Amino acid sequence: MTGYRLSHGGGRIDRGQSIDFSFNGKRYAGLAGDTLASALLANGVQLVGRSFKLHRPRGIVGAGCEETNALVQLEHGISSIPNVQATMIALEEGLVARSINAWPSLTWDIAGVNDRLRGLFSAGFYYKTFMWPDWHWFEWLIRRAAGLGKVPVVPDPQRYEARHVECDLLVIGGGRRGLAAAAQAARDGKSVLLVDLDQGLPSLEGVRTFEKTAALGIWDHGFVLAASEGRVIHRIRAEQIILATGKQERGIAFANNDLPGIMLAGAIGRYVADYAVAPGRSGIFFVNNDLGWRSAIEAAQCGVGVRAIVDARPQVLPELAHRARAHGIDLFFSSLVRSAHGRGRVTGVTIEKPDGLSRLACDFVGVSGGWNPASQLWTMAGGQTKFNERSQSFQPDGLVANVEWAGPEPIEAEPIWTVHGGDEKTMFVDFQTDVTVADIKLAARENYRSVEHLKRYTVLGMGVDQGKLSSVPGAMILAETIGAEPGTLSASKVRPPFVPTAFGLIGADLRGERFRPRRYLPAHEWHVREGAVFEDFGWERPAAYPVGGEDIQAAAEREAAAVRSGVGLFDGSPLGKILVAGPEAAAFLDRVYVGTPSTLKPGRIRYGLVLNENGTILDDGVYARLQDGSFLLSPSSAFADRMVRLLEDLLQCEWPMDVVVQDVTEQYAVWTVAGPNARNVLEALQPSFVLSSERFPHLSVREGQLDGSEVRIQRVSFSGELSYEIQVPAGQAVQMGDALMAAGKPYGLVPYGIEALEILRIEKGYIHVGTDTDSETQPGDIGFGGAIAKKQSDFLGRRALTRRSSLSPNRKQLVGLTSLCGGILPVGGHVRAPSGQSGGFVTSSQFSPVLGRGVALGLVEQGQRRLGEIVEIVSLGKRWQARISETVAYDREGGRLDT
Amino acid sequence: MSRYSAFALLRNWLGGNTDWDPVWRSPEPASSYDVIIIGAGGHGLATAYHLAKHYRPGRIAVIDKGWLGGGNTGRNTTIVRSDYFYKESADFYDHSLRLYASLSQELNFNIMYSARGILNLAHSRHEVDFQRRIVNAMQLNGIDAELLGREEVLKFCPVLNGDPNARFPIYGAMRQKRGGTVRHDAVAWGYARAADALGVDILQNTEVTGFRRDISGGVQGVETSKGFIGATKVGIATAGHSSVVAQMAGFRLPVASYGLQAFVSEPVKPVLHTVIGSAVIGSYCSQSDKGGIVCGGGIDPYPSFAQRGSAATMEKVLAGIVQLVPTFSSLRLLRQWAGIVDYTADSSPIIDRSPVPGIYLNVGWGGGGFKAIPAGGEAFAHLIAKDEPHPLTTAFGLQRFRDGALIDEAAAAGIEH
Ligand SMILES: Cc1cc2nc3c(=O)[nH]c(=O)nc-3n(C[C@H](O)[C@H](O)[C@H](O)COP(=O)(O)OP(=O)(O)OC[C@H]3O[C@@H](n4cnc5c(N)ncnc54)[C@H](O)[C@@H]3O)c2cc1C
């Protein structure tokens with residue numbers, strides 16, 4: 001217990017407001033304005049965590065997002081967040097935090113024994129062993145030892161939010177340079193946004209400021225993601241970005257440099273100035289640059305006991321030396337801290353002076369090994385860096401579109417990365433992941449000499465801090481080891497996000513139902529009223545309308561039977577509705593469909609197939625010619641969206657024709673009335689057109705009024721019965737549904753769902769593309785070879801139909817399959833070929849109430865030539881006997897279409 | 001090459017870890033080689049290893065513009081499996097998976113094959129029907145696939161979203177128990193070390209910039225950033241840049257390149273013990289041995305050679321992970337990255353002779369070629385050495401695009417339709 005609160009000073013704290021919190025089960029008091037880290041230090045807590053691999057005791061080293069040791073599990077009741085940096089947590093009343101990766105307790109951590117075996121646990125040791133008898137014998141152990149905090153067991157209670165922001169200029173970093181750039185741009189009349197990790201920024205006229213906000217990364221075209229307080233994600237689109245992200249201090253690797261109490265000099269400066277926290281009573285500063293001196297002198301000025309400054313350089317500005325001496329600080333030039341001493345915390349150091357070694361007692365150490373520009377965002381944006389000799393750092397260089405670097409002048413520093421002479425296995429470069437100078441040298445010896453190899457082999461820079469402290473020193477030590485020119489090896493590539501960011505926050509507006517909003521039918525409420533059971537088929541659709549305790553299967557059979565014997569009502573609203581119009585509409589569609597839309601007469605409808613370039617069937621559906629130059633396409637529900645994209649793609653990228661495409665799928669609801677009594681039902685609603693088959697034959701379209709509403713009716717059938725598809729504006733869906741139900745009452749009209757439709761269509765051998773076809777199925781495989789032979793002109797996929805495999809006799813073809821025992825064949829069961837391999841599979845299967853047996857469709861090798869043959873079907877270890885049959889199982893002549 | 005073992009570790013512990021040999025040499029390029037492989041990814045390195053071990057065609061070099069294993073082999077989500085629909089794929093990928101099972105011993109390098117199983121979730125009755133089709137196909141192909149019901153799925157992987165009212169409730173899943181993960185860097189390094197020990201020169205930081213061909217059109221060697229290097233045979237295994245390299249050689253390939261992203265969370269204690277994924281949700285993940293949750297999803301929506309990836313895809317993939325495992329919402333993303341993957345029209349690879357005599361192709365792996373590395377290397381070595389396809393890869397030639405004999409696994413897996 002060495003840290004304490006100074007009696008005065010502290011720009012950020014409010015001494016009048018005490019805040020209680022708990023750490024590792026013990027209660028402490030901090031002050032308003034504290035971070036968890038500053039409060040812990042003020043309470044004299046030095047040991048805050050254990051390292052990843054060796055479980056060495058660790059204390060706080062930094063004061064910001066570079067912190068690498070002080071990771072805690074932040075608990076909120078039963079929920080918690082793992083691995084949060086204590087330096088980034090604003091202290092709140094009742095806050096509860098625990099150390100991670102230590103068992104049974106932080107002070108008595110059993111895995112601390114790993115440290116004794118550290119020579120064994122050298123870099124990448126796991127690549128060299130655990131191979132015999134098998135990795136699985138060891139993996140569980142390694143997994144248990146690895147990992148830091150714990151994933152909470154309850155859903156994330158946090159409410160995240162996403163906001164979109166646009167600006168002319170985004171300034172990242174609210175230091176002196178950032179503020180100046182923002183103010184200037186605002187004066188120039190630009191819309192300016194300033195973001196900074198910190199709070200308490202001065203407000204500037206005309207500048208929007210987001211505090212406690214981390215820019216996570218820069219993507220193309222000035223797109224930036226930024227996270228505020230871990231709760232709001234901003235999606236920022238900026239014309240121009242200025243990076244004023246400042247600089248970051250780095251350490252120096254000497255023996256035992258990871259002992260609690262050894263911190264970055266600049267961090268000590270911040271704790272003293274901002275939080276009036278002294279890390280101890282007697283400190284030593286080990287530096288190679290002037291800023292390190294300033295930290296030491298400022299600490300002393302505030303009353304912190306600074307015993308000595310050890311500088312690697314032979315001299316310093318007289319002014320600094322003078323001020324330091326005035327505070328009674330001993331000065332050692334051309335000197336190094338060779339090692340630190342202490343058990344569980346630093347109690348002294350050995351310094352190496354020109355005249356030899358000597359030992360100094362202390363209870364904290366401030367280290368400043370120079371400064372790197374905080375160039376992470378710059379490199380993420382694609383920026384290059386260049387080695388700067390004077391500051392021993394990689395400075396942003398060159399140009400990046402939309403991005404300007406406005407970093408500070410490089411700080412001159414002596415090149416000193418390691419202090420030789422100590423035990424290299426305790427000279428830590430990456431604290432969190434326990435990477436030491438010995439590890440880097442081992443990697444070099446083994447020829448893992450690219451910085452990316454080094455990173456992966458030793459896990460340098462792979463910790464939660466993403467190498468903010470370790471990447472550059474690691475690369476420099478590698479260069480030194482292999483005798484490369486300093487600066488020829490730059491640090492490994494930096495990746496977004498700049499600070500760890502919750503998955504939930506990144507996908508803030510895609511949570512729960514919003515991930516993919518459900519699509520509801522315009523008459524959804526109507527179906528609810530009718531007792532529908534819904535399932536997600538891309539749309540929430542009625543699977544069936546069970547009554548009196550029926551299950552879906554029973555309901556579907558009843559509904560299907562009702563359609564065959566009387567009349568049924570089906571909501572087909574998701575069916576695609578795409579208007580294609582223009583002088584070249586017919587010519588365009590001739591190229592899209594396998595058939596020839598240009599020969600269709602206005603008012604008539606035809607069934608067609610659409611193929612891709614490989615001749616594979618993409619979709620089937622009808623198209624109607626409304627007028628000479630306008631068509632209404634009805635792609636299947638599942639394909640509607642993609643059909644629009646396909647047509648637009650063809651028009652915009654392949655064939656610039658005089659055609660417009662308009663998707664009106666959601667503008668209209670569709671009610672299908674099907675069954676022998678369908679005409680009677682419509683008749684009862686005063687249609688403004690004649691319904692007789694002579695005047696309104698199968699496969700034709702009429703526009704007019706029904707029950708006083710404007711409607712478009714297509715006579716098409718997916719059930720094999722007389723059937724009318726009534727399109728009404730979506731807003732009138734419920735009204736029309738009610739009218740049809742009322743009109744149908746005398747005829748026993750029942751609503752039917754998707755499952756009944758499945759029964760009806762399978763009985764008729766009507767395919768569902770994607771279910772009864774797969775990525776190989778071509779028109780000839782489903783019996784449409786003839787249509788193609790007749791067509792003169794070219795169309796999408798035509799060429800592919802003449803390729804060798806398209807002409808092969810072994811293709812899988814659509815057939816009916818009839819179980820010999822009359823039962824239902826398993827969908828997804830395979831036809832076993834004589835070789836024992838798959839000879840095709842069952843694609844659709846249902847029980848047919850009218851036929852009193854199972855009906856099924858399947859894709860079977862050479863199926864159309866094998867009608868009548870008996871095959872074995874296997875599924876999940878069971879077998880069935882089935883006969884290959886015609887696809888149409890019911891009403892083969894199609895007489896029912898025109899009753 | 002010093003052997004790796006627990007004993008060697010102990011000996012080195014006592015000896016201060018000074019007794020480890022370089023894993024590979026850093027040789028200067030020779031003026032010519034008998035075989036040059038372009039691309040020191042898993043496929044290129046495994047090919048060189050098999051060539052040197054089994055065919056001994058003379059001097060072999062593997063050339064890479066960057067550091068070895070720095071392409072997709074060092075960027076993927078490390079999933080291995082052989083749950084493919086078509087027989088051709090099943091035979092090939094299963095051979096690969098079996099090679100992975102003994103690869104640590106073969107290479108004397110722990111590649112950490114973890115057969116923790118892989119679950120593909122189904123979210124509707126119709127998807128279960130579809131999975132039955134796929135599982136039955138696999139079983140007929142001799143692959144250990146199973147169809148699990150909802151309860152079995154939740155028992156096997158309790159962190160999954162078990163809410164029956166979830167946006168995508170779980171109805172069941174397809175599982176391959178032998179599927180799992182393999183440490184990606186170890187595969188590249190293990191093959192590199194073994195190939196180097198057999199005398200293969202691995203030339204890093206050497207970019208191929210062109211080809212030299214003789215009057216008859218045959219290949220004579222490659223132009224590189226370090227000068228011309230002669231070769232009798234050249235194998236191209238450059239993944240995302242296959243079309244770029246093919247263009248240098250004067251032919252076009254039926255591939256398009258896209259960015260594919262991956263994501264890893266901060267390390268946490270073991271919480272996810274299998275690989276999970278959902279085609280409908282569009283995301284998948286597993287937990288690395290280090291503790292990070294490694295996540296992936298679909299390719300970026302536009303062709304690109306920029307190794308960065310779009311932010312919109314990242315949002316979707318991670319939101320999808322939260323759909324799969326709601327408690328991962330508070331888990332934090334540590335790193336995002338991308339690789340460039342070359343896709344063919346049927347998402348199956350091309351292992352074949354190229355139109356240029358002496359140039360061979362091992363490309364078109366798209367987002368799924370990591371699992372294929374051991375078998376890909378074996379087959380490609382066979383092709384280069386014998387100038388005829390390995391029996392397991394006869395279906396994966398260029399001719400299939402002319403014949404239309406595609407092996408459309410993506411569509412068969414229900415992603416396309
Ligand atoms: C994000 C992501 C996730 C993935 N997840 C999986 C997965 O879970 N499972 C799976 O099986 N597969 C996965 N893959 C795919 C898998 O990574 C690749 O298919 C596989 O690694 C390809 O290996 P390769 O050796 O062919 O290519 P690479 O490893 O990419 O190697 C190609 C090499 O060629 C070099 N090169 C290119 N051009 C030149 C030139 N002109 N001169 C010299 N050298 C050149 C490159 O530098 C590179 O090193 C994923 C891919 C990505 C990007």
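Mentor: Before we start, one definition: a residue counts as exposed if 12 or fewer other C-beta atoms lie within 10 Å of its own, and as buried if 20 or more do. Keep in mind, too, that this model is predicted.

Trainee: Okay, then is His221(A) buried or exposed?

Mentor: Look in the loop between β12 (213–219) and β13 (223–228) of chain A, where His221(A) is found. Its phi is near 60°, a positive value in a residue other than glycine. Around His221(A) there are 10 other C-beta atoms within 10 Å. The cut-off for exposed is 12 or fewer, so His221(A) is exposed.

Trainee: And what is the phi of Gln686(A) near?

Mentor: Gln686(A) sits in the loop between α16 and β41 (701–706) of chain A, and with 11 C-beta neighbours inside 10 Å it counts as exposed. Most residues other than glycine have a negative phi. Gln686(A) has a positive one, near 45°.

Trainee: Which loop of chain A holds Pro133(A)?

Mentor: Start with the peptide bond from Trp132(A) to Pro133(A), which is cis, with omega near -5°. The bond from Trp103(A) to Pro104(A) is cis too, with omega near 0°, and Pro104(A) is in the loop between β8 (95–99) and α2 of chain A. As for Pro133(A), its place is the loop between β8 and α2.

Trainee: Over to helix α17 of chain A: within what arc do its buried residues fall?

Mentor: This helix covers residues 733–744 and reaches 16 Å from its first C-alpha to its last, close to the 16 Å expected. Its buried residues include Met736(A), Gly737(A) and Leu740(A), and they pack against several elements of chain A, among them α12 (524–529) and β40 (668–674). Seen down the axis, the buried residues line one face of the helix, because they fall within an arc of 165°.

Trainee: How do the two chains meet, and which helix gives the largest share of chain A's side?

Mentor: In total, 86 residues of chain A are in contact with 77 residues of chain B. Chain A's side divides into 38 nonpolar, 28 polar and 20 charged residues. The largest share of that side is five residues, and they come from helix α2 (residues 136–145) of chain A.

Trainee: What is the bridge partner of Thr501(A) in β16(B)?

Mentor: Strand β31 (residues 501–502) of chain A pairs with strand β16 (residues 332–343) of chain B, antiparallel, over two bridges. In β16(B), the partner of Thr501(A) is Leu333(B).

Technical notes. Residues numbered from 1 in each chain as written. Chains lettered and ligands numbered in written order. Predicted model: local features only at pLDDT ≥ 70, side-chain atom pairs only at ≥ 80, totals over all residues. Contact = placed C-beta atoms within 7 Å. Helix = DSSP H or I, 4+ residues; strand = E, 2+ residues; numbered from the N terminus. Nonpolar A, V, L, I, M, F, W, Y, C, P; charged D, E, K, R; others polar. Pairing = 2+ DSSP bridges. Expected span 1.5 Å × (residues − 1). Arc of directions from axis to C-beta.
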